[in-house]
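Let's take a walk through this model together, one step at a time. Keep the picture handy as we go.

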4 protein chains.
Amino acid sequence: MNIALIIENSQAAKNEIIHNALTNVVEPLGHTVHHYGMYSPEDEAHLTYPMIGILAGILINSKAADFVVTGCGTGMGSGLACNAMPGVFCGLVIDPTDAFLFGQINDGNAISMPYAKGFGWAAELNLEDCYRKLFEVERGVGYPKERAAVMAKNRGILSELKAASCHDMLTVLKTIDQDLLKTAISGERFGEYFFANSQDEGISEYLRGVLAA
Amino acid sequence: MNIALIIENSQAAKNEIIHNALTNVVEPLGHTVHHYGMYSPEDEAHLTYPMIGILAGILINSKAADFVVTGCGTGMGSGLACNAMPGVFCGLVIDPTDAFLFGQINDGNAISMPYAKGFGWAAELNLEDCYRKLFEVERGVGYPKERAAVMAKNRGILSELKAASCHDMLTVLKTIDQDLLKTAISGERFGEYFFANSQDEGISEYLRGVLAA
Amino acid sequence: MNIALIIENSQAAKNEIIHNALTNVVEPLGHTVHHYGMYSPEDEAHLTYPMIGILAGILINSKAADFVVTGCGTGMGSGLACNAMPGVFCGLVIDPTDAFLFGQINDGNAISMPYAKGFGWAAELNLEDCYRKLFEVERGVGYPKERAAVMAKNRGILSELKAASCHDMLTVLKTIDQDLLKTAISGERFGEYFFANSQDEGISEYLRGVLAA
Amino acid sequence: MNIALIIENSQAAKNEIIHNALTNVVEPLGHTVHHYGMYSPEDEAHLTYPMIGILAGILINSKAADFVVTGCGTGMGSGLACNAMPGVFCGLVIDPTDAFLFGQINDGNAISMPYAKGFGWAAELNLEDCYRKLFEVERGVGYPKERAAVMAKNRGILSELKAASCHDMLTVLKTIDQDLLKTAISGERFGEYFFANSQDEGISEYLRGVLAA
């Protein structure tokens, strides 16, 4: 699985803790982490939480990533921004049980975590536990398993509902503030990771144009 | 303020605890609670979490409610469904600090809470504390206050982003599964509360038609 | 390791959830669970939280158990009672990180957990995670490991401090309310588990007398 | 009420946040805060968590303080040390509901909080909420109130149990490591606060001797 990591500007100083916790857990499971930034508070490309939503929307809809791991101070802003995009289902995960239940019941494609609120000493332990509960098991199996069918049915209904309420991602990209979009994709390694993995030529082509503009 | 309470089917048995906690807190503050159900597990109208999203979308976009308080087992499903709708910004609130920060920083118009996960003995105390942190203070003031301007700016950007990604609510209502919509608005008191308070004639008229069909 | 499980009367109905979670985790690790009750709300021997303290004191000081897992509604009462006894160092554990850090830093011989407050749907997941963090690793190694020496030193000082402040357990047993003591050890399987495992003949003999009185 | 604040060495840098949160809440309620240190990581008197236990034991048993507010990285070490002392009943408080329930059910005379684990951005909000739940209401009233009598009875039993298991505080002071004791009471303002408020001449006299030695 291709897992994209995106860190909001206010928490950029915690880049190393978060990145290490994620790779410690998921690389031994055979997953790949593409870290889309921020890498430090000094990065040129400042990713605010609305930009995280745009980026998550691009990555999920183009299939450049299978899953997005993100967060901000409380996890709320980046979560709202992700969920504002078509096809992105982003859970707010605070503890390992949240992570597990989100994976089993909601089976979304993104999580947002608080990297400031409640994030004290030894918080890396909780990060790793949350990632583990999400990535070391098969997701979408339901909890308890007897309710798997109902849970799958509701996920399907939600998915159709969101498809009805949102424009497709390419339309969204064309409609939103183009400066905002350009900044959102201006991270140091966006080009390297995205264009090599995108499976949507329409989105790729459009973003090439934006970057060239 | 008109506060709409919506309780998902799996948690309908907790109706009284949740409704009491909410009214205990907000009525003395001068707010009104419109309880859109479910009222008990025996209700005829079974509200699943995708329906909660539809209902929240209707109430917020028509201005029949100023704020939606909802939840499901983990709070995640109803939160995702609310956030799938245009104009709805729904925070997942677990503890009082979450409630306060969501109110001050994100200043959304809905919250979703877990009414099963972590909901044990004395959980009514936490419910009341969360409602208090949200409703007894002016929201959107920022925390810390020095960052109010940045926070307001990001809220504005998120709001525009979501406006660009979503169809308007009337279009959504016309596009989604009409049976699902009809069930979502078939609660015992939907008619009473909604039509008296809706400020969007287009939505009202359309829903009258759905109910009559 | 011999792990004693003790459940307070108000939470006796959760016996099966707690017992299963504990044995699911620790038996595959090669540990033995001795369940000292309560087994159901209908048990004749009603264990209040002060009695849990007495029982924990007996089991730890006689070495009939190496570790005590207990709890009450909030975990606080049973924790205070355990910590009132000589030689018992009981941590209040709410989440997996608490469990891990208590094991690594404080390396006590008992934990108390809330089995009502915060104990909602899927709470068995958190129980198992907590037990895992405590029992699947070597305890007392320090976290972070660089601080192991300081942590061990403070544990030693605390241990001496408590030894200075408390009477020895046999004296405590002789001094406390003998009816309370008798009820504390009147659980259905106390005799079977305790006398076979106690390594303190003085305590064993005294308790035989109490039970015979 | 005289509330003593004691901060462990590892968290001394958070002195201002904790002290402000406590005084913000309790001074308007008419309580007095005596801050026994540490005041900064640079203090000469380094209070380790075992010393916090000694200090809490001195303050509670001499009635120089009515209540002790303390904590360490996880709250566990300082809590264990407090509970190792005669007459001290110290709750581990993490969230506002913990604080409220401890006050109502256990009605102890000390709390220990985690000032590192889970202590992230905006943690001052949670501190204030916890203090409020503890100090703005009458304690020991029971929750729910119908269970007040049972709760009071168990508190009485626990209190007698602890009295039976511990030596009296003056004996403890004479028995423990005298260097440790001297450091524990060597804080800058110990003399000023303690000797003016102690109601136990035996303890006061003994500590005068220790300081003079």
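**How the copies fit together**

Turn chain B by 180 degrees, with 0.0 Å of shift along the rotation axis, and chain B superposes on chain A with an RMSD of 0.0 Å. The two copies are thus related as by a two-fold rotation axis. If you'd like a landmark for that axis in chain B, look for Cys166(B): its C-alpha is the one nearest the axis in that chain, 2.1 Å from it. Keep in mind as you look around that this is a predicted model.

Chain C can be brought into the picture as well. A turn of 180 degrees and a shift of 0.0 Å along the axis lay chain B on chain C, with an RMSD of 0.0 Å. For this pair, 100% of the contact residues of chain B recur in chain C, and the same surface serves both copies.

**Where chain B meets chain A**

Back to chains A and B. How many residues of chain B are in contact with chain A? There are 40 of them, and they touch 40 residues of chain A. Do the copies use the same surface or different ones, and why? They meet through the same surface, because 100% of the interface residues of chain B are also interface residues in chain A.

Between them, chain B and chain A bury about 3,500 Å², and 71% of that is on carbon and sulfur atoms. Three residues to pick out here are Met76(B), Leu80(B) and Leu161(B): they supply 18% of the area that chain B buries against chain A, more than any other three residues.

There's a polar and charged side to this meeting place too. The count is 8 residue pairs in polar contact between chain B and chain A, both residues being at pLDDT 80 or more. Several elements of chain B give two or more residues to the side that touches chain A, among them helix 2 (49-61), helix 3 (76-83) and strand 4 (90-92). Helix 4 (96-106), helix 6 (148-165) and helix 7 (169-175) of chain B are also on that list. Helix 6 of chain B gives the most, with 8 residues. Sorted by class, the side of chain B that touches chain A has 24 nonpolar, 11 polar and 5 charged residues.

As for salt bridges, the interface of chain B and chain A has 4. Here's a pair you can find for yourself: the side chains of Lys117(A) and Asp98(B) meet in a salt bridge, 2.8 Å from N to O.

**Salt bridges elsewhere**

Now zoom out. Over all chains, the count comes to 24 salt bridges. Take the one between Asp129(C) and Lys133(A), whose side chains meet at 2.7 Å, N to O. Asp129(C) lies in helix 5 (residues 123-135) of chain C and Lys133(A) lies in helix 5 (residues 123-135) of chain A, so the pair joins two chains. Are these partners buried or exposed? Asp129(C) is buried, with a relative accessible area of 7%, and Lys133(A) counts as buried at 18%.

Next, look at chains D and B. Asp129(D) forms a salt bridge with Lys133(B), with the closest N and O atoms 2.7 Å apart. This pair joins two chains, because Asp129(D) lies in helix 5 (residues 123-135) of chain D and Lys133(B) in helix 5 (residues 123-135) of chain B. Asp129(D) is buried, with a relative accessible area of 7%, and Lys133(B) is buried as well, at 19%.

For a salt bridge in another setting, go to chain D. The side chains of Glu201(D) and Arg208(D) meet there, 3.3 Å from N to O. Glu201(D) is partly exposed, with a relative accessible area of 48%, and Arg208(D) counts as partly exposed at 39%. Salt bridges can also link up through shared partners: Glu128(A), Asp129(A), Arg132(A) and Lys133(C) are joined into one network in that way.

**A last stop in chain B**

Finally, find Lys182(B) in helix 8 (residues 178-184) of chain B. Lys182(B) is partly exposed, with a relative accessible area of 29%. Which residues does Lys182(B) contact, leaving aside its neighbours within four places in sequence? They are Val210(B), Leu211(B) and Ala213(B). Ile203(B) is 21 residues from Lys182(B) along the chain, and the C-alpha atoms of the two are separated by 13 Å.

How values were computed. Residues are numbered from 1 along each chain as its sequence is written. Chains are lettered from A and ligands numbered from 1 in the order in which they are written. This is a predicted model: local features need pLDDT of at least 70, side-chain atom pairs count only at pLDDT 80 or more; totals for chains, interfaces and linings use all residues. Side-chain values use heavy atoms; hydrogens and water are left out. Contact means heavy atoms within 4.5 Å. Buried area is the accessible area (1.4 Å probe) that two parts lose on being put together, summed over both. A polar contact is a pair of N or O atoms within 3.5 Å; within protein, one must be able to donate a hydrogen and the other to accept it, and residues adjacent in sequence count only if both atoms are side-chain atoms. Helices (H or I, at least four residues) and strands (E, at least two) are DSSP runs, numbered from the N terminus. Ala, Val, Leu, Ile, Met, Phe, Trp, Tyr, Cys and Pro count as nonpolar, Asp, Glu, Lys and Arg as charged, and the others, Gly among them, as polar. Copies are superposed by least squares on the C-alpha atoms of residues with pLDDT of at least 70 in both. Buried means under 20% relative accessible area, exposed over 50%, partly exposed in between (1.4 Å probe, protein chains only).
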